[in-house]
Amino acid sequence: MFDVVKQAKGLVAHGVSACAGCGLELILRNVLDVLGEDTVVIIPPGCSALFCGFGPEAGMRLGGFQGNLENTAAMAAGVKAGLEAQGNHHTTVLAFAGDGATADIGLQSFSGMVERGDRVLYICYDNEAYMNTGIQSSSSTPMGASTTTTPAGKLTPRKDLIAIAVAHRIPYAASASVANIPDLRMKVQKARDTAGPSLIHVHAPCPTGWGYPPAKSIEVCRAAINTGAWVLYEVEGGRTTVNVKPKELRPVADYLNLQGRFKGVPADQVEQIQKSVRERYEALVDKSV
């Protein structure tokens, strides 16, 4: 039965049970295609847990395990320390976690990992809520979005995960999106080669939680980039580079209107979101080299 996995193209089995239109599978397939077989993967409970398993149920051709929701970074750091104690300085240790397990519950262990300088590649696939447990709001949920715990729309802005990482003087941090796979793959390569901790924050569409037809995942994420709602940039050695600069930002409503979770957002809040989006985009462009 192991042959089913071994014969699958790449390092991820072709029969995983991700939801239709989910960006998670596309992200992991490309990440592992860049990293290769010399990789250990640490995954917490959440949507990505479907890639964990044992024996014929395993979804990947790689070593790794699923731990607790709050300590992915700590476990990854421990695995890396164990490998290095054996003289193995070549194996990549990948922590692959969602926004809840990173920006919320796992932020303490992530902060410790970065502060210590542990050489771990940490990827946060951000579907902007606790999708696996019922679409509850997380600190990555954007303002105005409806979730089961913010049914009238979230009143506060999302947490800036990359800014938090940069405040720790992380050697490499970047955002990415399923709408630009070449950019994602380039950043995974850079992160792997970084002599220290690295973070890639990936926009991961969720048709179920965001409220749009599964076939429109790439369209929705592309709209996020073109409106400035999701900026593709990297911070390398303290230097900021905006990787994609639309000739002219589209109105943020072009992104919001594609999703049911923003249905009913009042006009004054749309204006507030627009102002916040534009100010953040312009601030990043101003810092960009």
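Strand 7 (233-236) and strand 8 (239-242) are joined by four bridges and run antiparallel, where helices (H or I, at least four residues) and strands (E, at least two) are DSSP runs numbered from the N terminus, and two strands pair if DSSP finds at least two bridges between them. This is a predicted model, in which local features need pLDDT of at least 70 and side-chain atom pairs count only at pLDDT 80 or more, while totals for chains, interfaces and linings use all residues. Residues are numbered from 1 along each chain as its sequence is written, and side-chain values use heavy atoms, with hydrogens and water left out.

Within the pair of strand 7 and strand 8, Tyr-233 has Val-242 of strand 8 as its bridge partner. The hairpin that these strands form has two residues between the strands, and Gly-237 takes a positive phi near 60 degrees there.

Both strands belong to an open sheet of eight strands with mixed pairing, whose order is 2-1-3-4-6-5-7-8. Strand 2 (63-66) and strand 8 stand at the edges with a single partner strand each, so one side of each is left without a neighbour in the sheet. On average, and with direction ignored, neighbouring strands of this sheet are turned by 15 degrees against each other; angles run from 0 to 180 degrees between N-to-C directions, and axes are lines fitted to C-alpha atoms, for helices over the stretch in contact. Helix 11 packs on the sheet and touches strand 7 and strand 8, its direction making about 120 degrees with that of strand 8; contact here means heavy atoms within 4.5 Å.

Three strand pairs of the sheet are set out below.

| Strand pair | Bridges | Direction |
|---|---|---|
| Strand 1 (residues 39-43) and strand 2 | four bridges | parallel |
| Strand 5 (residues 172-177) and strand 7 | three bridges | antiparallel |
| Strand 7 and strand 8 | four bridges | antiparallel |

Ile-42 has Phe-65 of strand 2 as its bridge partner, and Ala-174 is partnered by Glu-234 of strand 7.

Elsewhere, helix 3 (residues 72-85) packs with helix 5 (residues 107-116) at an angle of about 35 degrees, their axes being 6 Å apart. Thr-72, Ala-73, Ala-74 and Ala-77 of helix 3 make this contact with Ser-109, Phe-110, Met-113 and Arg-116 of helix 5.

The largest pocket holds about 550 Å³ of space. A pocket is an open set of points on a 1 Å grid over the protein atoms alone, where a 1.4 Å probe fits and protein lies on both sides within 12 Å along at least five of seven lines, and lining residues have an atom within 4 Å of a point; points are joined across faces, edges and corners, and the volume is the space filled by probe spheres set on them. Of its 27 lining residues, Pro-142, Arg-158, Ala-229, Val-277 and Arg-280 lie nearest the centre. Helix 11 gives the largest share of the lining, five residues.
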